[in-house]
Amino acid sequence: GDNNQALSVLNKLSGLQPNSPLPYVRLAEVQVANKNNNAAIQALQRALELNPDQSEARRRLVGLYLAG
C-alpha cells in the first residue's frame, strides 16, 4: 500500500542523503503508522546519531518511549 511505497522511497532517500537525519525522522513516522514502534525507535536513534540536536527526532523518540 501507500505506507510500503513510502518506506521504499524513504529508505532510498536515506541512502542518497546518508548524513541527513530528516529521512530517518520521516521513516519513523511511517513505521509508527504501520504500528512498528521498534523500527521507528531505531530510525529516530539513527537520526539523533547524525544530529544530536534534531529536536523533532528527540521529541518523537521520547513520545514512543512514554507510549511504551
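**Notebook: how the helices pack**

I began with the pair H2 and H3, whose axes come within 8 Å and cross at roughly 170 degrees. An angle over 145 degrees counts as roughly antiparallel, and H2 and H3 are therefore roughly antiparallel to each other. I note here that I am reading a predicted model.

Next I listed the residues where these two helices touch: on the H2 side I found Tyr24, Val25, Leu27, Ala28, Gln31 and Val32, and on the H3 side Asn37, Ala39, Ala40, Ala43, Leu44, Arg46, Ala47 and Leu50. Sorted by character, the residues of this contact come out as 11 nonpolar, two polar and one charged.

I then looked up H3 by itself, which covers residues 37-50. With 14 residues at 1.5 Å a residue, H3 should span 20 Å, and I found its end C-alpha atoms 20 Å apart, which agrees with that expectation. Which residues of H3 are buried? I wrote down Ala39, Ala40, Ile41, Ala43, Leu44, Ala47 and Leu48, and I saw that the buried residues of H3 pack against H2 and H4.

That led me to the pair H2 and H4, residues 22-33 and 55-67, whose axes come within 10 Å and cross at roughly 25 degrees. Because angles under 35 degrees count as roughly parallel, this crossing makes H2 roughly parallel to H4. I also recorded that the crossing of H2 and H4 is left-handed. In this contact, Val25, Arg26, Glu29 and Val32 of H2 meet Glu56, Ala57, Arg60 and Leu64 of H4. The residues taking part divide into four nonpolar, no polar and four charged.

Two single residues remained on my list. Is Gln31, which lies in helix H2, buried or exposed? Its relative accessibility is 13%, and since buried means under 20%, Gln31 counts as buried. When I left aside its neighbours within four places in sequence, I found Gln31 in contact with Leu7, Asn36, Ala39 and Ala40; Ala39 and Ala40 are also among the buried residues I had noted for H3.

The other residue was Ser14, which I placed in helix H1, residues 2-16. Ser14 has a relative accessible area of 9%, and by the same cut-off of under 20% it is therefore buried. Not counting residues up to four places away in sequence, I found that Ser14 touches Pro23 and Tyr24, and I had already met Tyr24 on the H2 side of the contact with H3.

Notes:
Residues are numbered from 1 along each chain as its sequence is written. This is a predicted model: local features need pLDDT of at least 70, side-chain atom pairs count only at pLDDT 80 or more; totals for chains, interfaces and linings use all residues. Side-chain values use heavy atoms; hydrogens and water are left out. Axes are lines fitted to C-alpha atoms, for helices over the stretch in contact, and angles run from 0 to 180 degrees between N-to-C directions. Helices (H or I, at least four residues) and strands (E, at least two) are DSSP runs, numbered from the N terminus. Angles under 35 degrees count as roughly parallel, over 145 as roughly antiparallel, 65 to 115 as roughly perpendicular and the rest as oblique. A crossing is left-handed if the near helix is turned anticlockwise from the far one by less than a right angle, and right-handed if clockwise. Contact means heavy atoms within 4.5 Å. Ala, Val, Leu, Ile, Met, Phe, Trp, Tyr, Cys and Pro count as nonpolar, Asp, Glu, Lys and Arg as charged, and the others, Gly among them, as polar. The expected span of a helix is 1.5 Å times one less than its number of residues. Buried means under 20% relative accessible area, exposed over 50%, partly exposed in between (1.4 Å probe, protein chains only).
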